[in-house]
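Trainee: Got a minute? I'd like to go through this one with you.
Mentor: Sure, pull it up.

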Amino acid sequence: LVKPFALAELCARLRALTRRRAGRSTPVITHGTLQLDPAAREVRIAKQVVALSPREFTLLELLLTHRGQVLSKTQLESDLYGWGEEVESNS
């Protein structure tokens, strides 16, 4: 990546690298009738769009990409909350 670069381009490249590392050739993650498209930030269940908040979308994406794995509270918090964002104990 050559400077200057757009943050959106960096994010897109990181998503592509993560997708390739996970062995997915397509960006859409499916589980039963649920489809999650990270590029479009869209979730569908039985072809109907489901409205999710940004944090809900990120959590669902984390759980789907780590299917069959146990994620600790610390792992989830580090991916869900940004730098300097206060995390409450009941979050």
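Trainee: What do the buried residues of α2 pack against?
Mentor: They pack against β1, β2, β3 and α3, the last being residues 73–80. Keep in mind that this is a predicted model.
Trainee: And which residues of α2 are the buried ones?
Mentor: Phe-57, Glu-61, Leu-62 and Leu-64.
Trainee: How many residues does α2 have?
Mentor: Twelve. From first C-alpha to last, α2 reaches 16 Å, close to the 16 Å expected at 1.5 Å a residue.
Trainee: OK, on to the strands. What's the order in the sheet?
Mentor: The sheet is open, with four strands ordered β1-β2-β3-β4 and paired antiparallel. β1 (29–31) and β4 (48–50) are at the edges with a single partner strand each, so one side of each has no neighbour in the sheet.
Trainee: How much are neighbouring strands turned against each other?
Mentor: By 25° on average, ignoring direction.
Trainee: Where does helix α2 touch that sheet?
Mentor: Helix α2, residues 54–65, packs on it by touching β1, β2 and β3 (42–45). The helix direction makes about 110° with that of β2.
Trainee: Back to β1 for a second. How many bridges does β1 share with β2?
Mentor: Three, in the antiparallel sense, with β2 covering residues 34–37. Ile-29 stands opposite Leu-36 in β2.
Trainee: Zooming out, in what order do the elements run?
Mentor: From the N terminus, α-β-β-β-β-α-α. That comes to three helices and four strands.
Trainee: What share of the residues is buried?
Mentor: 15% of the 91 residues count as buried. The protein exposes about 7200 Å², and carbon and sulfur atoms supply 56% of that.

Methods
Residues are numbered from 1 along each chain as its sequence is written. This is a predicted model: local features need pLDDT of at least 70, side-chain atom pairs count only at pLDDT 80 or more; totals for chains, interfaces and linings use all residues. Side-chain values use heavy atoms; hydrogens and water are left out. Two strands pair if DSSP finds at least two bridges between them. Helices (H or I, at least four residues) and strands (E, at least two) are DSSP runs, numbered from the N terminus. Axes are lines fitted to C-alpha atoms, for helices over the stretch in contact, and angles run from 0 to 180 degrees between N-to-C directions. Contact means heavy atoms within 4.5 Å. The expected span of a helix is 1.5 Å times one less than its number of residues. Buried means under 20% relative accessible area, exposed over 50%, partly exposed in between (1.4 Å probe, protein chains only). Accessible areas come from the Shrake-Rupley method with a 1.4 Å probe; for residues, only the protein chains shown count as cover.
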